[in-house]
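Reader: Could you take me through one part of this model at close range, a place where two helices pack together? I'd also enjoy a little of its surroundings.

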Amino acid sequence: MPNITLSGVAKSYGGHDYAVRNLDLTIPDGAFMCLLGPSGCGKTTTLRMIAGLEQPSAGTIAVGDRILDSVEHGRYVPPEKRGMGLVFQNYALWPHLSIRENVEFGLRMRKVPGPERRARAEEALRMVHVDAAMDRYPSQLSGGQQQRVALARMLAINPEVLLLDEPLSNLDAQLRLEMRAELKRIHEESGATIVFVTHDQLEALTMATDIAVMNQGELQQLAAPMDMYDRPANRFVAEFVGSPPMAIVDTGPEPGGLAGSLLRHVAARAECVPAAVGIRPEALRFGPPPAGAWHEEATVEAVLPAGSSWTVRLRILDTDLYAVSYTPVDSAPGDTVTCWTERMHLFDADGARIAAWDEAGVAA
Ligand SMILES: Nc1ncnc2c1ncn2[C@@H]1O[C@H](COP(=O)(O)OP(=O)(O)OP(=O)(O)O)[C@@H](O)[C@H]1O
């Protein structure tokens with residue numbers, strides 16, 4: 001299937017507020033695209049418009065050169081004619097049909113013959129590890145199992161585009177991890193295009209080939225996961241993607257303390273005057289600094305071991321910051337340590353990334 005393209009798409013549910021505004025987005029054929037953002041940012045509305053369950057208030061949605069929606073030309077293709085499979089958070093299984101029959105249902109509607117239908121349903125249920133419960137009824141399954149049946153029901157149909165709205169939200173942490181790996185495998189094996197809505201940045205980083213971050217109905221950045229992590233386009237993305245989040249130090253009109261120290265470092269290397277400087281917790285390191293790195297003395301305030309990582313709260317001049325280390329930290333509260341970083345993110349007064357700093361090569 002060719003690319004899915006949204007051009008100038010907006011959606012208002014009637015009032016003055018727009019759930020989605022001026023959205024330009026291309027979902028490449030075979031992509032695993034995550035729509036990521038906080039609650040209410042317009043992710044579900046975007047997915048529902050692609051599915052044809054909502055009509056845009058403005059703009060065009062197309063697959064290749066086939067127009068699915070065009071407000072200008074009054075064109076609208078109904079959901080069943082779009083060739084897309086859908087799984088929503090509120091999966092609706094038929095209560096009076098067994099699990100197997102639920103998964104076979106869509107195939108029956110498509111007139112797939114009996115033996116093939118059974119084989120495809122069983123295969124899909126195996127993929128999501130619910131094949132042992134095939135002859136039970138939905139009410140006899142846990143919420144997580146029901147969610148996986150909904151996923152199997154869609155996989156059995158083998159659509160070219162899968163639209164998934166938080167399909168892992170009811171699963172416990174272990175199962176969610178397994179299903180992420182499983183979805184990634186399904187994506188690679190099937191070659192299908194997946195559009196996946198989530199508010200969980202880790203879910204997006206681990207599964208997606210492309211992430212579209214939205215906030216208040218607007219696209220903030222579209223990038224491959226590591227590119228987004230390494231070069232967030234603005235403060236919103238910088239703070240939303242990554243856990244613990246990036247520390248952002250506002251420089252203010254008369255920067256002193258930590259802000260002043262960071263600004264002096266920047267000024268010595270590039271002609272940028274940032275309104276804010278960001279440092280990811282894992283980029284803040286301890287010990288003798290390498291040549292050219294920014295460094296300051298810091299006081300250890302707390303050490304929080306978490307098995308494989310150590311989170312350390314540091315007081316640097318006038319500011320508290322968190323550092324994350326993946327090697328054991330033997331400092332104790334009250335100790336003085338040298339901390340340093342070679343990786344800063346600079347933002348201007350509008351919150352946009354100052355790319356010149358990256359291009360100068362000093363922050364790469
Ligand atoms: N049917 C509707 N009628 C009126 N307003 C709606 C409707 N559906 C969504 N909205 C509003 O549109 C905005 C975007 O909602 P949407 O569900 O797309 O966001 P979301 O990012 O998917 O959020 P969540 O993660 O909470 O589902 C919100 O302000 C929401 O209140």
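**A helix pair up close**

Author: Gladly: α3 and α4 are oblique to each other, a word for angles outside the classes of roughly parallel (under 35 degrees), roughly antiparallel (over 145) and roughly perpendicular (65 to 115). Please keep in mind that this is a predicted model, in which local features need pLDDT of at least 70, side-chain atom pairs count only at pLDDT 80 or more, and totals for chains, interfaces and linings use all residues. Numbering starts from 1 along each chain as its sequence is written.

Helix α3 spans residues 114-127 and α4 residues 143-157; they pack at about 135°, with 8 Å between their axes. These axes are lines fitted to C-alpha atoms over the stretch in contact, and the angle, on a scale from 0 to 180 degrees, is taken between N-to-C directions. Helices here are DSSP runs of H or I with at least four residues, strands are runs of E with at least two, and both are numbered from the N terminus. The crossing of α3 past α4 is right-handed, that is, the near helix is turned clockwise from the far one by less than a right angle.

Which residues of the two helices meet? From α3 come Arg120, Ala121, Ala124, Leu125 and Met127, and from α4 come Ala152, Leu155 and Ala156; contact here asks for C-beta atoms, placed from the backbone, within 7 Å. Seven of the residues in this contact of α3 with α4 are nonpolar, none is polar and one is charged. Nonpolar covers Ala, Val, Leu, Ile, Met, Phe, Trp, Tyr, Cys and Pro; charged covers Asp, Glu, Lys and Arg; the others, Gly among them, are polar.

The loop between α3 and α4 holds His129, whose phi is positive, about 60°, although His129 is not a glycine. His129 counts as partly exposed because it has 15 C-beta neighbours inside 10 Å; a residue is buried with 20 or more other C-beta atoms within 10 Å of its own, exposed with 12 or fewer, and partly exposed in between.

Leu317, in the loop between β16 and β17, also has a positive phi, near 55°, and is not a glycine. Leu317 is partly exposed because 15 C-beta neighbours lie inside 10 Å.

As for the wider setting, the chain has 10 helices and 19 strands, and 38% of its 364 residues are buried. Its C-alpha atoms fill a box of roughly 70 × 50 × 35 Å along the principal axes.
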